[in-house]
Amino acid sequence: MKTIREILTNDVGRVAIAGHVNPDGDCAGSCMALALYIRKNCPGVIVDVYLEPLRPELRFLKGTDSLIHEMTGEETCDLFILLDVSSRARIGVAGELFDKTARTVCIDHHIGNDSPAGINHIRPTVGSCAEVLAELLDPDGIDAAIAEALYTGIIHDTGVFQYSNTRPETLMLASRLIGYGFDFPHLIYDSFYARTHRQTRILGYCLEKSRLSADGRFLSVSLSLEEMARYGAVRDDIGEVVSQLKLTRDIEMAVFVYETTPGFSKVSLRSSGRLDANKTAHLFGGGGHVMAAGCTLPGSSENVLSRILMALEREGDSLKAEV
């Protein structure tokens with residue numbers, strides 16, 4: 001794979017960057033790191049970043065105030081770069097622009113990536129897209145803001161280095177990034193621990209409502225739009241629920257299902273390492289990683305949760321994580 005500077009040939013005047021739907025920390029961090037890098041090192045190139053609105057805890061990233069959330073249909077670019085996107089269906093707001101762009105690149109780390117991009121750099125053994133991207137950047141072209149964005153992507157997909165996808169190379173890269181001089185302790189606190197009172201209340205409700213099943217192997221909870229409205233909660237307020245469920249000792253899978261719109265529910269899965277969350281999500285047309293995956297299904301949150309739990313029990317050994 002060529003470096004980013006090598007990809008940006010002289011005839012590239014405008015670059016579009018896009019990530020996946022419902023962008024997480026790795027997606028947002030990767031997209032912003034690349035945008036900042038190109039703007040710093042290739043000042044003659046115009047960069048447009050297409051992402052759905054970010055969660056509040058990710059809006060500290062430099063450049064997020066210029067994100068494009070909606071398309072007019074008249075957008076053009078010379079080069080389109082996908083980051084952290086495993087398939088055409090997962091492209092967020094800029095899918096149509098991707099389809100009509102002749103030169104396309106995908107940089108990713110998802111297992112089973114089936115990107116239709118012309119150039120693909122996929123590293124499934126790497127813990128985050130930000131780490132894959134960092135391999136393609138000239139260290140001399142990185143500054144504190146770029147390093148901060150890359151570090152954000154890495155810690156979000158490695159759970160601040162606690163997941164098994166953390167490699168020795170991951171820690172060495174993180175060490176080098178910290179050397180650029182951003183406030184990484186504050187970044188970690190704001191990303192993983194700080195929450196509003198409303199978030200604390202809805203989290204407490206979900207934890208109280210959660211239930212064990214299959215002889216204590218699965219811990220799950222569902223949340224309806226009506227329940228969210230009772231607490232005045234929105235989607236940004238419930239992102240921590242599944243991670244908190246996963247902290248429960250001795251469970252094999254944490255399952256959180258919440259309604260996104262009437263008749264549709266989002267499934268978030270977190271594995272202890274015994275089961276493969278990606279295999280489970282794949283049964284329902286979703287995907288992700290061994291430790292974390294998800295999908296969206298038609299149905300109420302309770303109905304969808306019942307289907308997920310039935311599949312977990314029915315599939316049994318076939319969902320075991322490979323070691």
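Below, a colleague asks a modeller how the labels on this predicted model were reached.

Colleague: What are the ground rules here?

Modeller: It's a predicted model, so local features need pLDDT of at least 70, side-chain atom pairs count only at pLDDT 80 or more, and totals for chains, interfaces and linings use all residues. Residues are numbered from 1 along each chain as its sequence is written, and side-chain values use heavy atoms, with hydrogens and water left out.

Colleague: What makes up the secondary structure of the protein chain?

Modeller: You get 12 helices and 11 strands. Those are DSSP runs, numbered from the N terminus: helices are H or I with at least four residues, strands are E with at least two.

Colleague: Why is the chain called as compact as a globular protein of its length?

Modeller: The globule rule is 2.2 Å times the number of residues to the power 0.38, with the radius of gyration taken over C-alpha atoms. For 323 residues the rule gives 20 Å, and the chain's radius of gyration is 20 Å, so the label fits.

Colleague: How do you know that the span of helix H2 agrees with its length?

Modeller: The expected span is 1.5 Å times one less than the number of residues. H2 has 17 residues (25–41), which should span 24 Å, and its end C-alpha atoms are 24 Å apart, so the two agree.

Colleague: And why is H2 called largely enclosed?

Modeller: Buried means under 20% relative accessible area, exposed over 50%, and partly exposed in between, using a 1.4 Å probe and protein chains only. In H2, 14 of the 17 residues are buried, so the rest of the structure largely encloses this helix. Across the whole chain, buried residues make up 53%.

Colleague: Why is threonine 101 called buried?

Modeller: Its relative accessible area is 10%, so it falls under the 20% limit. Threonine 101 sits in the loop between helix H3 (95–100) and strand E4 (104–108). Leaving out residues up to four places away in sequence, threonine 101 touches Cys77, Asp78, Leu79 and Phe80, where contact means heavy atoms within 4.5 Å.

Colleague: What makes valine 160 partly exposed?

Modeller: Valine 160 has 24% relative accessibility, so it lands between the 20% and 50% limits. This residue is in the loop between helix H5 (144–158) and helix H6 (168–178). Its phi is positive, about 55°, although it is not a glycine.

Colleague: Is alanine 214 buried or exposed?

Modeller: Buried, because its relative accessible area is 17%, under the 20% limit. Alanine 214 lies in the loop between strand E6 (211–213) and strand E7 (218–223), and its phi is also positive, near 55°. Most residues other than glycine have a negative phi.
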